[in-house]
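Hi,

Here's the structure I said I'd pass along. Have a look first, and my notes follow underneath.

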Amino acid sequence: MSSTKYILGVFDDPDEMMHGIDKLQKNSVPIYDVYTPMPIHGIEAKLNIKDSRLGYAAFMFGCLGGTIMFSMVYYMLVHDWPINIGGKNFFAIPDFIPVTFEWTVLWTSFGMTFTFFFASHLFPGRTPRVMDLRATDDKFVIAINAKGNIPHEDITNLLKEAGATEVKHNDRKYVSYE
Amino acid sequence: MASHSESIIREPLITGKDITYGQITNDVLRPVENMPGKAWWIGFSVASLGASLWVFAISWTFWFGLGEWGLNKTVGWAWDITGFVWWVGIGHAGTLISAVLLLFRQNWRNSINRSAEAMTIFAVICAATYIAAHMGRPWMAVYSLPLPNQYGSLWVNWNSPLIWDVFAISTYFSVSLVFWYTGLLPDIATIRDRAQGLRRRIYSVLSFGWTGSVKTWQRFETVSLILAGVSTPLVLSVHTIVSMDFATSLEPGWHTTIFPPYFVAGAIFSGFAMVQTLLLIARKVLGLENYITMFHIESMNKIIMLTGSIVGVAYLTELFIAFYSQNEYEQYAFANRIAGPYWWAYWSMMTCNVITPQLFWFKKIRTNIPLSWVLSIVVNIGMWFERFVIIVTSLHRDFIPSSWAMFYPTWVDVSVFIGSIGVFFTMFLLFIRVLPSVAMAEVKLLLKSSSEQAKKKLMDEGHVEPAEAEFYIASLEKFDSVNQSEYLKA
């Protein structure tokens with residue numbers, strides 16, 4: 001039995017890689033993941049990847065930040081320690097706007113970015129699980145789970161026909177650092 | 001990315017022939033992966049000397065107190081707040097290039113956003129040191145935060161623009177840092193996967209485990225876009241709030257409703273000038289002429305010209321409103337600026353900020369690299385004078401002539417300012433040594449659509465009308481690294 005875990009199609013050109021995806025899909029070969037050195041537009045639709053929901057997270061965090069700051073300012077300046085400035089209103093809403101705005105932005109940015117890190121399993125020092133070291137440099141890599149798939153030679157041929165410069169049969173899931 | 005081709009008559013964003021994805025990485029990472037050259041060492045030595053001067057002068061200030069500065073009872077804010085506003089202003093171009101130009105889909109930002117964002121971070125750090133230092137007792141800076149303290153529930157005054165400033169600057173710094181670092185992750189991963197030994201370990205920690213999978217890229221782009229969306233109003237709010245530090249007072253010369261837009265335009269003006277100052281040197285020293293092209297330089301010069309004109313209109317508006325207000329104190333403040341003891345500062349400001357940027361109307365000047373560099377420094381000097389004029393000339397003569405005074409900087413004032421420039425350049429030079437100064441992933445995105453070779457391919461394949469091709473070839477003269485004869489053969 002073959003010890004290959006993943007078959008990698010390595011492409012030099014993003015257009016050829018997209019062509020490779022089409023070919024694999026036409027032949028009902030499920031794709032495990034695609035690794036690229038830059039974002040490729042239009043690939044999500046091809047791979048049936050749902051839209052990111054980070055926008056909702058950003059909105060929720062923004063609302064939370066704004067509410068917390070406004071409540072804090074209200075508590076401090078209206079309830080806990082009102083300051084009489086020339087007999088003006090304690091609840092001076094226009095004066096509360098700048099800091100409320102700043103915290104809305106701050107919470108939106110931090111909340112959404114940390115959600116992104118959490119969802120994508122990114123954190124300082126995490127072992128990078130890279131399948132091919134050149135995928136962050138100049139190669140475009142399609143990874144196919146070898147287990148239970150059609151004969152490996154067929155996949156290799158499909159990838160080569162699509163323009164893959166190299167097809168690798170990896171018997172380890174990740175090549176780097178582990 | 002490769003799904004569209006850009007119009008042939010648009011200038012290429014990447015010049016040079018036979019550029020590949022791999023070559024972009026090699027070109028950008030050359031200063032990171034190799035020992036620095038002589039130019040870097042000379043720059044770094046000078047900058048570190050400046051930084052040491054800053055450490056000495058700021059330690060002197062903390063040890064002996066603010067009496068070591070030239071401040072007096074009349075001019076209580078001088079070079080400190082001038083330096084603060086100047087640095088915050090310089091910090092604005094980074095977010096503007098990253099965020100606003102991203103929202104407007106201006107692809108030319110891709111080559112310059114990384115350095116500009118780094119510049120933002122370092123400039124805001126310099127600004128923040130001024131704020132902490134000018135308090136006199138910087139260990140008390142913690143009281144600007146709403147923390148329960150030993151005086152009981154004595155909170156900060158949320159009605160005060162000074163506290164808005166604390167929140168605006170700290171938010172701006174934090175958000176810029178997050179924006180910058182998140183954008184760096186794919187490029188740090190590139191360095192990691194090419195490095196060996198200890199460097200690989202360090203960059204591995206810094207890369208957060210980035211792999212470049214499709215889903216991560218999709219989320220990354222969403223995050224970038226939303227961060228750009230929230231940073232854009234943030235840029236406007238920060239300098240608006242800085243201007244309110246002045247505008248909400250009753251000081252003649254400060255109490256002006258034009259301050260918010262005028263400060264924002266001035267900030268963008270000085271920020272772009274500093275980006276220009278840095279990048280014109282960096283592209284040459286780091287060999288990035290193919291990525292930071294004449295088109296980039298010219299575009300930035302156009303923005304400098306636009307914002308310089310807005311600033312010029314703001315100066316004239318101030319004068320007109322002072323005249324129209326019929327307020328004698330206001331009128332005197334402006335007459336004093338123009339012809340008082342600090343006339344030289346006012347006229348330096350006018351010359352540097354209003355007159356010189358107008359030279360960029362001439363194409364020959366805005367596409368001339370040495371002249372652009374000199375003019376960018378002139379703008380930086382002019383913007384420093386602008387802040388000096390606003391602060392010192394307004395304060396030194398206000399309502400009561402008996403309290404009028406002059407401000408003379410001491411050697412500590414001068415050293416703190418020159419030293420802060422040293423700190424800034426030290427940080428920038430270290431940055432270009434350890435992190436990519438051009439956003440590789442974003443530049444790679446342009447290779448198939450907006451590069452010189454992509455356009456040449458279109459021409460060679462006959463997709464372009466002859467008239468358009470001719471126009472394109474003629475326009476190539478502008479790009480310093482493009483040889484026209486190559487095209488005439490085609």
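Let's start with a helix pair: helix 6 of chain B passes helix 8 of chain B in a left-handed crossing. Keep in mind that this is a predicted model. Helix 6 covers residues 161–194 of chain B and helix 8 covers residues 214–247 of chain B; their axes come within 9 Å and cross at roughly 155°. Because angles over 145 degrees count as roughly antiparallel, that crossing makes helix 6 of chain B roughly antiparallel to helix 8 of chain B. As for what sits in the contact between helix 6 of chain B and helix 8 of chain B, I get 21 nonpolar, five polar and two charged residues.

Next, the packing. The largest nonpolar core has 184 residues, and the members that touch the most others are A:Met17, A:Ile142, A:Leu159, B:Trp87 and B:Trp158. Helix 6 of chain B turns up again here: with 15 residues, it gives the most to this core. Over in chain A, domain 1 (6–51 + 130–170) and domain 2 (54–119) both give residues to the core, so the core lies between these two domains.

One last residue to click on is B:Phe263, which you'll find in helix 9 (residues 259–285) of chain B. Is B:Phe263 buried or exposed? Its relative accessibility is 2%, so B:Phe263 counts as buried, the cut-off being under 20%. If you want a distance to check in your viewer, B:Phe263 and B:Val238 are 9.8 Å apart in space, C-alpha to C-alpha, with their positions 25 residues apart in sequence.

Cheers

Terms used: Residues are numbered from 1 along each chain as its sequence is written. Chains are lettered from A and ligands numbered from 1 in the order in which they are written. This is a predicted model: local features need pLDDT of at least 70, side-chain atom pairs count only at pLDDT 80 or more; totals for chains, interfaces and linings use all residues. Side-chain values use heavy atoms; hydrogens and water are left out. Axes are lines fitted to C-alpha atoms, for helices over the stretch in contact, and angles run from 0 to 180 degrees between N-to-C directions. Helices (H or I, at least four residues) and strands (E, at least two) are DSSP runs, numbered from the N terminus. Angles under 35 degrees count as roughly parallel, over 145 as roughly antiparallel, 65 to 115 as roughly perpendicular and the rest as oblique. A crossing is left-handed if the near helix is turned anticlockwise from the far one by less than a right angle, and right-handed if clockwise. Ala, Val, Leu, Ile, Met, Phe, Trp, Tyr, Cys and Pro count as nonpolar, Asp, Glu, Lys and Arg as charged, and the others, Gly among them, as polar. A nonpolar core is a set of buried Ala, Val, Leu, Ile, Met, Phe, Trp, Tyr and Cys residues joined through side-chain atoms within 4.5 Å. Buried means under 20% relative accessible area, exposed over 50%, partly exposed in between (1.4 Å probe, protein chains only). Domain bounds come from an automatic or database domain assignment.
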